[in-house]
Amino acid sequence: AKERGRQRIVLFDPSIDARQQQRLNYEMGLREALNKDELFVRYQPRFEISGRRIVGAEALVRWESQEHGLVPPDIFIPIAEGTRLIVDIGRFVLEQACHEAVRWAEQGEAVPVSVNLSPKQLREDGLWSDIQRILRESGLAPNMLELELTESMLVDNIDLVLPLLQRIRALGVNIAIDDFGTGYSSLAYLKQLPIDTVKVDRSFINDVPGSPEDETLLQAIVSMARSLNYRVVAEGVESEQQRAFLETLGCDELQGFLLGRPEPGNMLISQVIRAREG
Ligand code: C2E
Ligand code: CA
Ligand code: CA
Ligand code: CA
């Protein structure tokens with residue numbers, strides 16, 4: 001009760017700055033967002049490196065607030081992560097994504113779906129059983145689901161995370177490292193973990209080709225990841241020059257505005273079907 005009283009005082013304290021106030025407003029809005037159906041999921045296609053075929057899709061959550069309009073995930077995810085809200089939001093996205101991927105498969109195109117996990121979800125007890133239940137209820141084949149975790153999540157509490165990842169992977173679900181290269185871990189270290197895919201952060205891709213330093217760095221990351229037998233995905237690919245360069249490095253897949261933006265699930269699958277029918 002004391003906690004709550006204190007929170008209320010903070011809420012109306014005129015001395016707190018506008019950014020903090022905005023954050024609290026968003027947090028209050030987010031508490032209602034699920035009930036009010038303000039959250040939904042977009043899917044960004046992942047292409048084989050030639051750019052010719054869609055081989056996956058990443059689920060990205062969106063918040064269209066009645067009060068605040070469309071709030072970018074870079075803003076509201078960190079706020080949700082500061083509370084338990086991220087656990088409910090994460091479960092919602094997982095449910096949506098699995099059901100969507102089943103609809104794709106029913107249309108004759110099985111496209112694997114990737115879902116982002118946040119650190120709080122890993123620390124929450126119910127994650128494994130949520131995944132298992134959602135797979136069962138949706139009927140999605142486990143190998144059609146991939147979970148994306150950032151490096152720091154894997155490094156910060158390895159004793160807790162390793163057994164959990166092993167149990168999740170035992171279900172048949174794939175594991176990807178997201179934003180790779182932005183943390184401080186080495187691939188040799190990550191090799192101990194059950195990981196299938198490395199997603200190279202777009203900051204390494206922005207300035208290639210053209211910046212010799214970045215080219216060297218990117219080449220080193222990709223060749224090491226390949227030598228460890230990871231599937232290598234380049235993120236944030238915006239130009240044909242970048243795509244071609246990544247192809248020479250031996251990247252397996254790419255994701256980025258060059259070939260596809262996040263879109264509704266039914267639009268993604270019609271694109272896949274059109275491509276099949278040529
Ligand atoms: P992320 O996981 O690294 O997702 C990729 C982000 O890069 C997406 O932004 C996507 O729209 C953007 N992107 C893709 N291709 C390009 C490109 O070619 N150029 C540029 N400039 N950007 C590109 P989005 O959808 O705004 O998501 C931002 C971040 O929010 C995500 O980064 C992820 O960390 C987080 N997020 C989104 N959805 C979820 C979710 O369901 N759960 C959790 N925990 N986090 C999420
Ligand atoms: Ca991601
Ligand atoms: Ca990423
Ligand atoms: Ca990111």
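This short presentation covers the calcium site and the ligand 1 pocket of a predicted model.

Good morning. I shall begin with the metal site. The calcium ion (ligand 3) has protein donors from D178 (OD), D179 (OD) and E235, the last of these contributing two OE entries. These donors lie 2.2 to 2.5 Å from the ion. Along the sequence, the donor residues follow the spacing D-D-x55-E.

Which residue bridges the calcium ion (ligand 3) and the calcium ion (ligand 2)? That residue is D178, and the two ions lie 3.8 Å apart. As for solvent exposure, D178 has a relative accessible area of 8% and is therefore classed as buried, since the class requires a value under 20%. D179, at 25%, is partly exposed.

D179 also leads us to the second topic, ligand 1. A polar side-chain atom of D179 lies 3.3 Å from an oxygen atom of ligand 1. For N116, a polar side-chain atom is found 3.1 Å from an oxygen atom of this ligand. V61 takes part through its backbone: an N or O atom there lies 3.1 Å from a nitrogen atom of ligand 1. How much of ligand 1 does the protein bury? Taken alone, the ligand exposes 810 Å², of which the protein buries 84%.

The space that ligand 1 takes is the largest pocket. Two or more residues of the surrounding shell come from each of strand 2 (54–65), helix 3 (73–81) and strand 6 (174–180). Strand 2 gives the most, with 4 residues. Around ligand 1 there are 22 residues, and those that come nearest are Q44, R62, R202, E238 and F257.

Thank you for your attention.

Methods: Residues numbered from 1 in each chain as written. Chains lettered and ligands numbered in written order. Predicted model: local features only at pLDDT ≥ 70, side-chain atom pairs only at ≥ 80, totals over all residues. Heavy atoms only, no water. Donors = N, O, S within 2.8 Å, 3.2 Å for Na, K, Ca; no water. Buried < 20%, exposed > 50% of the residue type's maximum accessible area, 1.4 Å probe, protein only. Near = heavy atom within 4 Å. Polar contact = N/O pair within 3.5 Å; in protein donor to acceptor, adjacent residues only side chain to side chain. Areas by Shrake-Rupley, 256 points an atom, 1.4 Å probe, with all protein chains shown as cover. 1 Å grid on protein atoms, 1.4 Å probe; cavity = no way out; pocket = protein on both sides within 12 Å on 5 of 7 lines; lining within 4 Å. Sits in = over half its atoms within 2 Å of the grid points.
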